[in-house]
Amino acid sequence: MSDLFVIGAGLSGLMAAYTAARAGLRVQVVTKGLGSMHWAAGTVDVMGYTPEELSRPVQRPLEAIQALAHSHPEHPYVLLGSHQVQVALEEFTALMAELGLPYGGAGGFGALAHSTSGDNLLLPSAVGALRPAFLAPSAQLAGDMARPEPLLIVGFTGLRDFYPELIAENLAKQGFQARAAFLPLSLLTEQADRNNVHLAQALDLQARRLKLGGELKRLARAGERIGLPALLGLDDHAAALADLSAAAGAPIFEIPTLPPSVPGMRLYKALRARLWRMGVRIDVGLEGIGANVIAANGTAGRVQWVETATTTSRPLKHRAKAYLLATGGILGGGFDSDHTGRIWETVFDLPLTIPQARHQWFRPAFMDPAGHPVFNGGVAVNAAMQPVGADGQVLYANLWAAGGALAGADPIQQHSLEGLAIATGWAAGQAIVRALAQ
Amino acid sequence: MKRIETEILVVGGGATGTGIAWDAALRGFKVTLIEKRDLTHGTTGRYHGLLHSGGRYVVKDPVSATECIHENRILRKTHAHCIENTSGFFAVTPEDEGPYPDKFLEGCRATGVDCAEISVADALRREPLLNPRISRVFEVPDGTADSFLATHATVQAARHAGAQILTYHELMGLIIEGGDGNRRVVGAKVRDVAKGMDVEIRAQMVINATGAWAGMVTQMAGVAISVVPGKGVMVAMNHRALNTVVNRCKMPADGDIIVPVHTVAIIGTTDERVTDPENLRIEPWEVNLMLEEGDKLVPNLSKARVVRAWAGVRPLYQEDYAGASRDATRKFALLDHKERHGIDGFITITGGKWTTFRLMAEKTVDLAASHLGARKPCVTATTAVPGADQGNYWLGHRLHEIEEQKLQGQLICECELVTRAMLENAAKQNPLLTLDDLRRDVRLGMGPCQGGFCTYRAVGIIHEMGKAGVWEGDAGHQTHAAEEWDVAYIQSPARNVNGSGSVGDRPQQQGGSVGDRPQQQGGSVGDRPQQQGGSVGDRPQQQGDRPQQQGDRPQQRAGQTPPLFNPNLLLRDFLQERWKGVAPILWGRQLKQERLDELIYLNVMNADHLPDDQLASAMTDFYLFDTTPNEHEVHP
Ligand SMILES: Cc1cc2nc3c(=O)[nH]c(=O)nc-3n(C[C@H](O)[C@H](O)[C@H](O)COP(=O)(O)OP(=O)(O)OC[C@H]3O[C@@H](n4cnc5c(N)ncnc54)[C@H](O)[C@@H]3O)c2cc1C
């Protein structure tokens with residue numbers, strides 16, 4: 001029996017697992033698939049847009065969180081308070097520095113207090129929009145549009161997931177100096193069928209990246225910085241980045257594009273390696289399908305065991321002192337729904353704040369600035385990240401929840417996906433450590 | 001103002017109008033066809049996909065049944081590559097017992113629809129997912145048909161015969177001469193929607209083939225006719241649960257057919273009177289009904305992932321309309337306005353079915369010829385359209401070609417197996433206003449992810465093509481350029497490897513920088529470094545060396561025609577267009593998929609914060625029509 005049983009290996013689940021394991025708990029992680037890290041940009045978005053101001057990016061996210069307290073008391077950030085969010089981000093930054101995949105902010109690298117001025121970065125996206133992000137891996141930092149250097153965006157002929165002319169044109173339309181250039185894809189690969197992961201692996205080979213760096217040097221004008229698709233090495237990324245910048249003689253940055261996300265995979269691999277070293281198992285392919293519980297009856301109930309299934313084995317029962325639901329809501333597959341408008345949480349059947357009626361789920365336009373209500377709801381929790389009922393009472397004394405499954409925020413719309421995952425995962429981990437110590 | 005002179009002006013670019021243009025051109029008439037949006041914008045692009053055997057009508061409408069089987073046999077030859085030879089079952093489920101099955105058999109005999117009763121065991125062997133509780137099964141020569149491809153093919157045949165086809169040209173008014181009892185339509189006021197220009201087209205005969213819009217067009221001549229728009233909703237399941245068309249063996253009703261088309265199985269349809277043929281809601285009760293009815297033929301089909309829902313309107317013509325619209329006749333109506341209303345030079349054709357479009361066209365041109373003076377006889381029944389030599393469509397054809405030619409690296413839409421060269425050729429040759437036009441051409445974005453991955457890629461590729469000067473001058477809307485386009489192989493990955501000339505036509509120094517011809521891939525492109533890296537970057541004047549301030553945005557506002565191919569507008573329009581068809585069916589795995597599409601476009605790309613957000617295309621408002629569910633889960 002483990003102390004903590006985590007369902008979901010996204011950023012929130014792994015952050016909680018790390019926090020608990022570091023405090024000496026025995027932790028097991030199961031996950032149906034790999035989390036949204038593998039699809040997202042690999043940055044730490046804390047608060048890019050507030051529900052109040054969806055057209056202009058937030059400048060100082062930690063301050064914006066404080067301002068949410070009145071308007072959105074149910075927002076997970078508000079439940080935690082901006083100080084806790086900051087502490088969690090500090091933990092994360094320190095961890096990533098230790099793991100050799102340093103994250104920094106608008107102020108540079110290092111412990112959070114020194115690494116950021118408190119401002120959001122504005123990083124060029126793969127269509128040339130500016131994405132607000134609070135922290136980014138070092139490979140993306142030189143893309144910050146607060147920096148003065150003109151941009152050279154370099155793509156590879158025939159690469160289907162990156163369009164440098166589009167990026168440059170949109171940046172130019174927004175008043176920045178940017179131009180585009182192409183290099184032959186054969187610099188990276190001779191394979192006919194390849195995705196961004198294969199291409200990143202190609203740059204794990206030093207000979208290839210030195211050749212690429214030489215080509216970049218030829219293209220770049222003095223004073224330019226160079227933006228490339230986010231595929232600069234997978235397992236040997238730090239060296240790849242250093243080699244490329246040195247060979248090109250210019251600052252280099254990555255622009256994340258369509259999934260699979262190479263920056264996200266680096267993050268996942270780094271966290272997984274750290275957890276393994278602490279003896280934490282991650283079982284991929286195990287899907288939480290149900291739980292046995294003692295229902296709340298005046299006092300909080302208890303989770304007895306969780307059941308998981310794979311396609312190949314009979315359901316397994318897992319018992320632990322504490323359970324964490326980190327299944328990521330709709331995106332992660334933690335909620336399912338049907339044509340009658342029923343929507344449910346798949347492991348514990350926890351109550352959701354999403355209305356049980358399809359006609360209340362959507363607004364007319366895909367890009368409605370206010371987002372779609374169905375994506376704003378989820379599992380309601382208290383300040384200790386424990387799921388609560390409509391009356392605010394804790395449902396199960398030994399159950400916590402974190403990440404995309406939580407109610408009260410639309411993390412994609414508000415650009416807060418990773419910030420929420422890190423802060424709530426860390427806070428849940430802390431709360432579990434405290435609870436088990438009693 | 002631009003002026004065009006022609007003999008016959010056909011209004012409407014659906015199956016019927018294009019069939020007329022083809023037939024009339026083959027008979028030696030000078031023909032111009034106008035369609036207000038892209039080809040198949042109307043019902044033809046929103047139908048069920050069934051090549052009727054006639055079985056559906058043998059009891060209720062025997063004349064239609066005979067027409068269908070007659071045309072079914074012809075189209076299998078003339079439009080072979082647009083048709084999949086699926087065969088069809090009429091299955092008696094526990095709910096359908098009674099006298100109908102015997103009447104059905106008798107009706108098939110009387111109308112000439114080939115029909116054979118097969119054993120239930122045989123039927124289940126062929127279609128294992130079929131409801132095992134069915135008691136009888138009849139087999140008929142139903143098929144399925146790709147109306148996008150078929151219309152393209154018909155249009156290409158018409159062009160080869162000399163017809164002029166103008167898409168994004170909307171009829172705004174008819175030019176009428178003469179007084180009471182002696183009036184004559186002599187031409188039309190037309191709006192070039194893409195360019196925002198007026199065009200006057202003079203013709204000796206105007207043929208109104210606008211389907212469910214037909215009444216609006218006759219109004220322009222002051223004539224009121226009754227075309228009842230009967231809306232039908234269809235739901236596409238991600239699983240092609242059946243390889244055979246399966247009909248319930250009963251009087252035609254809602255949700256009683258499942259049609260396998262390409263990779264999906266489509267359940268349909270409903271029949272609701274509506275007033276507007278253009279903006280069609282898809283109500284939750286209609287979707288729920290389709291799923292419930294579908295389960296009766298294939299148990300648990302409703303649990304499968306739903307890809308999309310859409311609606312079309314039946315142009316049901318009634319002289320004296322009364323009652324529910326499914327009872328109106330499905331035979332077509334050919335109206336000679338000279339005889340009926342004393343207006344010469346004006347014919348309306350409406351109603352019918354996709355399956356009978358060729359026959360409708362033949363009768364229409366016969367009538368036109370009786371006024372204009374006959375030329376050659378009709379030959380469409382024996383003339384194959386370009387591409388028919390490929391034989392019938394089969395499900396694996398794209399995959400087969402992709403694998404044989406090793407084109408996997410060229411795929412820009414993995415769901416529907418669209419290669420970059422297919423997209424480039426279609427984009428270059430077809431007058432293009434939105435990515436939705438390309439969707440109809442090559443099936444871009446029609447798979448499970450509904451544009452999640454290919455939207456970005458298509459926008460990027462088209463933008464690169466634009467930078468490379470592919471549309472320099474007027475070519476983007478140069479509809480005549482399409483005359484050179486070989487649509488016969490538009491859907492074939494293997495046949496687009498050489499770009500049908502389109503890629504090679506580019507200015508030489510551009511070849512490598514944008515081109516993606518497979519044989520130039522990998523090594524060979526890189527072997528021409530002088531054409532490579534730098535070729536674009538060395539043209540700083542095209543890029544950011546001229547920073548524009550945010551305030552310099554084009555002054556377009558909603559409703560105005562934007563400059564061609566604004567990439568940000570292409571992207572927004574297509575994402576919204578795809579949303580329109582998924583919003584009615586978002587739950588379960590498709591809801592998860594939509595959330596991933598949001599993650600990509602709203603978060604990783606941040607595409608909702610791009611410049612040019614004031615721009616609108618001729619289609620923007622159409623895509624913005626609200627199709628999200630309302631509260632009616634059952635028929636109100
Ligand atoms: C739900 C449903 C399912 C169906 N399923 C099948 C099936 O499975 N098999 C089958 O054989 N038949 C089927 N049908 C019938 C078939 O789809 C139609 O009969 C056929 O497509 C009609 O073609 P059309 O060219 O007459 O009309 P349309 O395709 O509607 O063409 C009319 C065109 O006129 C254009 N237009 C309108 N106003 C103007 C203007 N002012 N200026 C210029 N252009 C204008 C429109 O944009 C439109 O493109 C179905 C119909 C419906 C509604």
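**Entry 1: the ligand**

I started at Trp354(B), where a backbone N or O atom lies 3.1 Å from a nitrogen atom of the ligand. I note here that the model is predicted.

I then looked for polar partners of the ligand oxygens. A backbone N or O atom of Thr43(B) sits 2.9 Å from an oxygen atom of the ligand. For Thr44(B) I found a side-chain N or O atom at 2.5 Å from a ligand oxygen.

Next I asked how much of the ligand the protein buries. Taken alone, the ligand exposes 990 Å², and the protein buries 96% of that.

I looked up which elements give two or more residues to the shell around the ligand. They are α1 (15–26), β11 (169–177), β15 (227–237) and β20 (306–317), and they belong to chain B.

I counted the shell too. The ligand has 33 residues around it. The closest are Thr16(B), Glu35(B), Thr44(B), Leu50(B) and Thr355(B). Thr44(B) is thus on that list, and its side chain also supplies the 2.5 Å approach to a ligand oxygen. By class, I get 10 nonpolar, 18 polar and five charged residues in the shell.

**Entry 2: where chain A meets chain B**

I moved on to the interface. Chain A puts 81 residues into the contact, and chain B puts in 85 residues.

The size of an interface is often given as the accessible area lost when the parts come together. I therefore looked up the buried area as well. Between chain A and chain B it is about 7,100 Å². Carbon and sulfur atoms give 59% of that area.

How many salt bridges cross the interface of chain A and chain B? I found four. I opened a salt bridge between the side chains of Arg595(B) and Asp410(A), with N to O at 2.9 Å. I also found 25 residue pairs in polar contact across the interface, both residues being at pLDDT 80 or more.

Which elements of chain A give two or more residues to the side that touches chain B? I listed β5 (130–133), α7 (164–173), β8 (178–183), α9 (206–219), α12 (329–332) and β16 (335–337). α7(A) gives the most to this side, with eight residues. By class, the side of chain A that touches chain B has 43 nonpolar, 21 polar and 17 charged residues.

**Entry 3: backbone checks**

I checked the backbone last.

In chain A, the peptide bond from Pro259(A) to Pro260(A) is cis, with omega near 0 degrees. I placed Pro260(A) in the loop between β10 (252–255) and α11 (262–277) of chain A.

In chain B, a cis peptide bond joins Gly268(B) to Thr269(B), with omega about -15 degrees. I found Thr269(B) in the loop between β18 (264–268) and β19 (272–273) of chain B.

I also noted Ser87(B). Its phi is positive, about 70 degrees, although Ser87(B) is not a glycine. Ser87(B) is in the loop between β5 (83–84) and β6 (88–92) of chain B.

Terms used: Residues numbered from 1 in each chain as written. Chains lettered and ligands numbered in written order. Heavy atoms only, no water. Contact = heavy atoms within 4.5 Å. Buried area = accessible area lost by both parts, 1.4 Å probe. Polar contact = N/O pair within 3.5 Å; in protein donor to acceptor, adjacent residues only side chain to side chain. Helix = DSSP H or I, 4+ residues; strand = E, 2+ residues; numbered from the N terminus. Nonpolar A, V, L, I, M, F, W, Y, C, P; charged D, E, K, R; others polar. Near = heavy atom within 4 Å. Areas by Shrake-Rupley, 256 points an atom, 1.4 Å probe, with all protein chains shown as cover.
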